[in-house]
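Here are some short exercises to work through with the model open beside you. Try each task on your own before reading its solution.

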Amino acid sequence: MLELHDREWNEFYLRDIFPDIQRGKRLKNADHIQGKTPYVSSSAINNGVDAFIGNDDKVRKYKECLTLANSGSVGKTFYHSYEFIASDHVTSLKSDRLNKYSYLFIATIVQRLEEKYSFNREINDVRINKEKIVLPVDESGTPDYDFMEQYIKEREQQIVQKYIEYTGKNIQFGGGDFRR
């Protein structure tokens, strides 16, 4: 079993991990058009999804990234595999080097920023560019994305196994069929 304490860890600027950092765009509630696209704001629940809208103009759409709440529930961080529209209360953090599992690993670390910020001290663009996070590294000192992926996959498997043991039912999850 992979353990976090077995690894070396180093600090990295968010901008070095996520070459694509962009804040969503302001869209007043009065301008929302009812639709099916998730609208992600700074809510701490439902992966930050605040509504479902159909707006296509003057919005910013994202997919396969993290969102970091700049205000409201400051620091809340969620992974989104689906296309969504982001409000100006969240910042998208995207990298082509990451997959679902490494995003999920890093999301828990980025969310620790909520300890540093608050409703009265929001995360703005200048502050994001100065932020560092600590990540496990490989032998060359670069982020060990493979370890992050394998670590989350292991934890996912453990949760599924507990479910199977509790319910006695098989489950389809994450592309695999888990059986007792």
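**Exercise 1. The open sheet**

In what order do the 4 strands of the open sheet lie, and is the pairing parallel or antiparallel?

*Solution.* Keep in mind throughout that this is a predicted model.

Step 1. Walking across the open sheet, you meet the strands in the order S2-S9-S6-S7, and their pairing is antiparallel.

Step 2. Now look at the edges. Strand S2 (20-23) and strand S7 (77-80) each have a single partner strand, so one side of each has no neighbour in the sheet.

Step 3. Check the twist: on average, and ignoring direction, neighbouring strands of this sheet are turned by 25° against each other.

Step 4. Zoom in on one pair. Strand S6 (residues 65-69) and S7 are joined in the antiparallel sense over 4 bridges. For Thr-67, the bridge partner in S7 is Phe-78.

Step 5. Finally, find the helix that lies across S6, S7 and strand S9 (90-94): this is H2, running at about 15° to S6.

**Exercise 2. Buried or exposed?**

Classify Ser-92 and Phe-119 as buried or exposed, and list their contacts beyond four places in sequence.

*Solution.* Step 1. Locate Ser-92 in strand S9. Its relative accessible area is 3%; buried means under 20%, so Ser-92 is buried.

Step 2. Leaving aside neighbours within four places in sequence, Ser-92 is in contact with Asp-20, Ile-21, Gln-22, Tyr-62, Cys-65 and Leu-66.

Step 3. Turn to Phe-119, in the loop between H2 and helix H3 (125-130). Exposed means over 50%, so at 60% relative accessibility Phe-119 counts as exposed.

Step 4. With neighbours within four places in sequence again left aside, Phe-119 is in contact with Gly-72 and Val-74.

Step 5. For the whole protein, 42% of the 180 residues count as buried.

**Exercise 3. Positive phi**

What is the phi of Asn-47, and what is that of Glu-64?

*Solution.* Step 1. Start with the background: most residues other than glycine have a negative phi.

Step 2. Asn-47 has a positive phi, near 60°. This residue belongs to the loop between strand S3 (34-40) and strand S4 (49-53), and at 26% relative accessibility Asn-47 counts as partly exposed.

Step 3. Glu-64 also has a positive phi, about 55°, although it is not a glycine. You will find Glu-64 in the loop between strand S5 (61-62) and S6. With a relative accessible area of 29%, Glu-64 is partly exposed.

**Exercise 4. The largest pocket**

How many residues line the largest pocket, and which are the closest to its centre?

*Solution.* Step 1. Begin with the space: the largest pocket holds about 310 Å³. Its lining has 16 residues, and the closest to the centre are Thr-108, Ile-109, Arg-112, Ile-133 and Val-134.

Step 2. Strand S1 (8-13), helix H2 (100-110), strand S10 (132-137) and helix H4 (145-167) are the elements that give two or more residues to this lining. The most come from H2, with 4 residues.

Step 3. Sort the lining by character, and you get 10 nonpolar, 1 polar and 5 charged residues.

**Exercise 5. The whole chain**

How many helices and strands make up the secondary structure of the protein?

*Solution.* Step 1. The count comes to 4 helices and 12 strands.

Step 2. Along the principal axes, the C-alpha trace spans about 50 × 40 × 30 Å.

Step 3. Of the contacts with a separation of 6 or more, 64% are between residues 24 or more positions apart.

Notes:
Residues numbered from 1 in each chain as written. Predicted model: local features only at pLDDT ≥ 70, side-chain atom pairs only at ≥ 80, totals over all residues. Heavy atoms only, no water. 1 Å grid on protein atoms, 1.4 Å probe; cavity = no way out; pocket = protein on both sides within 12 Å on 5 of 7 lines; lining within 4 Å. Points joined across faces, edges and corners; volume = space filled by probe spheres on them. Nonpolar A, V, L, I, M, F, W, Y, C, P; charged D, E, K, R; others polar. Pairing = 2+ DSSP bridges. Axes fitted to C-alpha atoms, helices over the stretch in contact; angles between N-to-C directions. Contact = heavy atoms within 4.5 Å. Buried < 20%, exposed > 50% of the residue type's maximum accessible area, 1.4 Å probe, protein only.
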